[in-house]
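Let's go through this one together, feature by feature. Ask whatever you'd like to know about reading it.

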Amino acid sequence: MVVVDSLSKRFGRLQVLKDVSATFEAGKVTAVVGPNAAGKSTLMKSILGLVIPDGGTVTIDGMPTLGNPASRARVGYMPQEPRFPDNLRVSELFDFVQDLRGEHPSGLDALIDEFELRPHLAKPLRVLSGGTRQKASAVLTFLFDPNVLLLDEPSAGLDPVASSRLKDRILDERDSGATVILTSHVMSELEELADEVLFLLEGTVRFRGTIQSIRDRTGENRLERAVAHLMTNGVAA
Amino acid sequence: MNTTLKVMRFAFFDLVRSRWMIVYTLFFLLTTAGLLYFGDDPSQAALSSLNLVLLIIPLVALMLAMNYFYYTRDFVQLILTQPVSRVSVFVGQFAGVALPLAGAFALGSGIPFAVHAFSNPVRSGLVVTLLGAGVLISLVFAALAFWIGIANDERSRALGIALGLWLGLSIVYDALMLFFVVAAQAYPIDRAMIGLSVLNPIDLSRILVLMQLDTAALMGYTGAVFRTFLGTALGTTLSIAALLTWIAVPVVLGLRTFRRKNF
């Protein structure tokens with residue numbers, strides 16, 4: 001379980017997060033939706049500790065995250081655009097992260113096959129396509145038996161095979177009790193995965209509920225229309 | 001601690017394999033060997049080498065360390081998503097960059113002197129001080145480069161600051177100092193000169209080496225002041241302590257900024 005309590009963050013003059021509080025429950029997929037620049041990625045990065053919030057707290061499974069790297073031990077993070085050192089090979093990347101953590105999980109080979117990375121293991125990360133890089137990022141995300149998954153537009157750039165395998169993985173992890181926090185602009189993906197939706201607009205939580213409740217509230221039957229409705233007309237509508 | 005070593009080892013081998021480090025080592029190897037071969041006095045060679053060291057090391061240490069810092073920014077971000085503390089990542093990165101830089105100089109300059117010492121008399125105290133001063137100044141400027149890099153997201157801006165710093169400390173500072181000496185020649189300014197030298201790490205390393213020579217008085221005003229006022233032992237201790245402070249302060253400031261940085 002991830003608890004975010006009155007989190008705020010400002011970048012220069014831009015207030016990206018304003019007093020955001022939310023509880024993300026274990027065994028559920030919570031989708032964070034909102035227009036571009038609503039603060040979704042910043043929220044993810046604040047949970048992870050990559051962004052240091054100006055105020056508020058984050059706890060992961062009861063552990064406060066600030067100044068406590070151990071709280072990240074069971075967090076898998078898939079960034080929007082994974083960026084790796086250019087000259088490192090895919091296999092060297094996996095080796096380094098395993099060495100850094102001092103963990104050598106037995107599931108690595110299976111994950112490499114699942115995301116069809118075996119032909120790319122000896123290639124430098126710089127020559128990989130965006131989608132293949134995303135697959136490498138997926139392997140690292142799921143490798144260390146995560147309890148919490150932070151997935152920032154995870155399927156962007158993935159081919160249909162990898163994308164559906166990723167979704168299966170996410171649902172498997174959820175069913176075995178992981179807390180999954182996901183952002184996506186692909187509505188079909190949300191319908192497939194999300195148990196709950198957190199709607200973020202201009203750095204504040206405007207709405208929270210199931211997908212059905214968004215439909216009911218907006219009177220739009222298709223989710224994409226319903227979310228667009230929320231974005232343009234606000235929650236009151 | 002463990003994480004620090006792993007990050008350090010990675011950065012260390014990454015850098016050691018790079019073409020620039022090899023060129024840098026060879027540069028010192030060839031120039032030092034040349035100075036020893038063509039000159040007739042190893043002390044003379046050490047002094048010529050000193051001038052080269054004081055000009056080249058600060059520039060190269062700033063540029064290479066800063067370049068590496070920006071080059072590995074994505075990688076640092078990846079490391080920070082793992083359960084590791086920011087302090088150990090920073091210290092590991094810094095040590096992994098600063099040690100190859102210092103080592104390249106120590107090896108490149110040390111080997112020719114060591115080889116020369118087999119067949120000729122070499123003042124080992126002088127050579128060791130020269131190598132020590134070069135190592136310290138490498139660490140000082142690597143630390144400054146990291147601090148500047150962390151505090152500036154924009155690479156071109158950081159590069160500008162670094163170049164300005166190098167020009168300021170290696171050229172402008174001495175000119176101002178000379179101007180001050182001339183302008184204030186009617187007053188006793190010896191102590192003020194000691195204070196002013198401590199503010200410039202390049203001057204400090206020069207003094208450190210010159211104090212090893214009997215001719216220190218002839219080699220520059222501040223060297224003479226250090227020697228007459230403090231004596232060689234106290235002067236050496238003081239300048240080493242000041243150089244260590246010059247390493248510690250940017251490391252601590254850089255670490256402070258790094259801990260609060262958003263990735």
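**Reading the two chains**

Buried residues account for 40% of the 237 residues of chain A.

Q: Before we go on, what kind of model is this, and how do I get a feel for the overall build of chain A?

A: It's a predicted model. A good start is to count elements and then check the overall dimensions. Chain A has eight helices and 10 strands. Its C-alpha trace spans about 55 × 40 × 35 Å along the principal axes. For 237 residues, a compact globule would have a radius of gyration near 18 Å, and chain A has 18 Å, so the two agree.

Q: And which elements make up chain B?

A: Chain B has 10 helices and zero strands. Its C-alpha trace covers about 60 × 50 × 30 Å along the principal axes. The radius of gyration of chain B is 19 Å, which agrees with the value near 18 Å for a compact globule of 263 residues. Of those 263 residues, 45% count as buried.

Q: What share of the contacts joins residues at least 24 apart in sequence?

A: Start from contacts between residues at least 6 apart. In chain A, 69% of these join residues at least 24 apart. In chain B, the share is 79%.

Q: Which domains does the assignment give for chain A?

A: Look at the residue ranges, since a domain can be written in several pieces. Here the assignment gives domain 1 as 1-39 + 48-74 + 149-237, and domain 2 as 82-145. Nine residues of domain 1 of chain A and 11 residues of domain 2 of chain A take part in the contact between them. On the domain 1 side, helix α5 (residues 160-175) of chain A gives the most, with four residues. That side of domain 1 divides into four nonpolar, one polar and four charged residues. As for spacing, the C-alpha centres of the two domains of chain A lie 25 Å apart.

Q: Now the sheet. In what order do its strands come?

A: The general idea first: strands of a sheet pair through backbone hydrogen bonds, either parallel or antiparallel. In chain A, an open sheet of six strands has the order β6-β7-β8-β3-β9-β10, with mixed pairing. β6 (75-78) and β10 (204-209) of chain A are at the edges with a single partner strand each, so one side of each has no neighbour in the sheet. From one strand to the next, the twist averages 15°.

Q: How many bridges does β3(A) make with β8(A), and in which sense do they run?

A: Strand β3 (residues 29-33) and strand β8 (residues 179-183) of chain A are joined by four bridges and run parallel. To follow the register, go residue by residue: A:V29 has A:V180 as its bridge partner in β8(A), and A:A31 stands opposite A:L182 in that strand. β3(A) also pairs with β9(A) in the parallel sense, over four bridges. There, A:A31 stands opposite A:V197.

Q: Are the two faces of β3(A) covered or open?

A: In a regular strand the side chains alternate between the two faces of the sheet. Both faces of β3(A) are covered: A:V29, A:A31 and A:V33 are buried on one side, and A:T30 and A:V32 on the other. That makes five buried residues out of five in β3(A).

Q: Which helices lie against this sheet?

A: Helix α1 (residues 40-48) of chain A lies across β3, β6, β7 (148-152), β8 and β9 (196-201) of chain A, and runs at about 150° to β7(A). α5(A) packs on the sheet too, touching β3, β7 and β8 of chain A, with its direction at about 145° to that of β8(A).

Q: How many residues are in contact between chain A and chain B?

A: 17 residues of chain A are in contact with 18 residues of chain B. Helix α2 (residues 90-101) of chain A provides the largest share of the chain A side, five residues. By class, that side has 13 nonpolar, no polar and four charged residues.

Q: One last residue: is A:A70 buried or exposed?

A: A:A70 sits in the loop between β5 (63-64) and β6 of chain A. It has 12 C-beta neighbours inside 10 Å, so A:A70 counts as exposed. Apart from its neighbours within four places in sequence, A:A70 is in contact with A:M63 and B:P83.

Notes
Residues are numbered from 1 along each chain as its sequence is written. Chains are lettered from A and ligands numbered from 1 in the order in which they are written. This is a predicted model: local features need pLDDT of at least 70, side-chain atom pairs count only at pLDDT 80 or more; totals for chains, interfaces and linings use all residues. Domain bounds come from an automatic or database domain assignment. Two residues are in contact if their C-beta atoms, placed from the backbone, lie within 7 Å. Ala, Val, Leu, Ile, Met, Phe, Trp, Tyr, Cys and Pro count as nonpolar, Asp, Glu, Lys and Arg as charged, and the others, Gly among them, as polar. Two strands pair if DSSP finds at least two bridges between them. Axes are lines fitted to C-alpha atoms, for helices over the stretch in contact, and angles run from 0 to 180 degrees between N-to-C directions. The radius of gyration is taken over C-alpha atoms; the globule rule is 2.2 Å times the number of residues to the power 0.38. A residue is buried if 20 or more other C-beta atoms lie within 10 Å of its own, exposed if 12 or fewer, and partly exposed in between; C-beta atoms are placed from the backbone.
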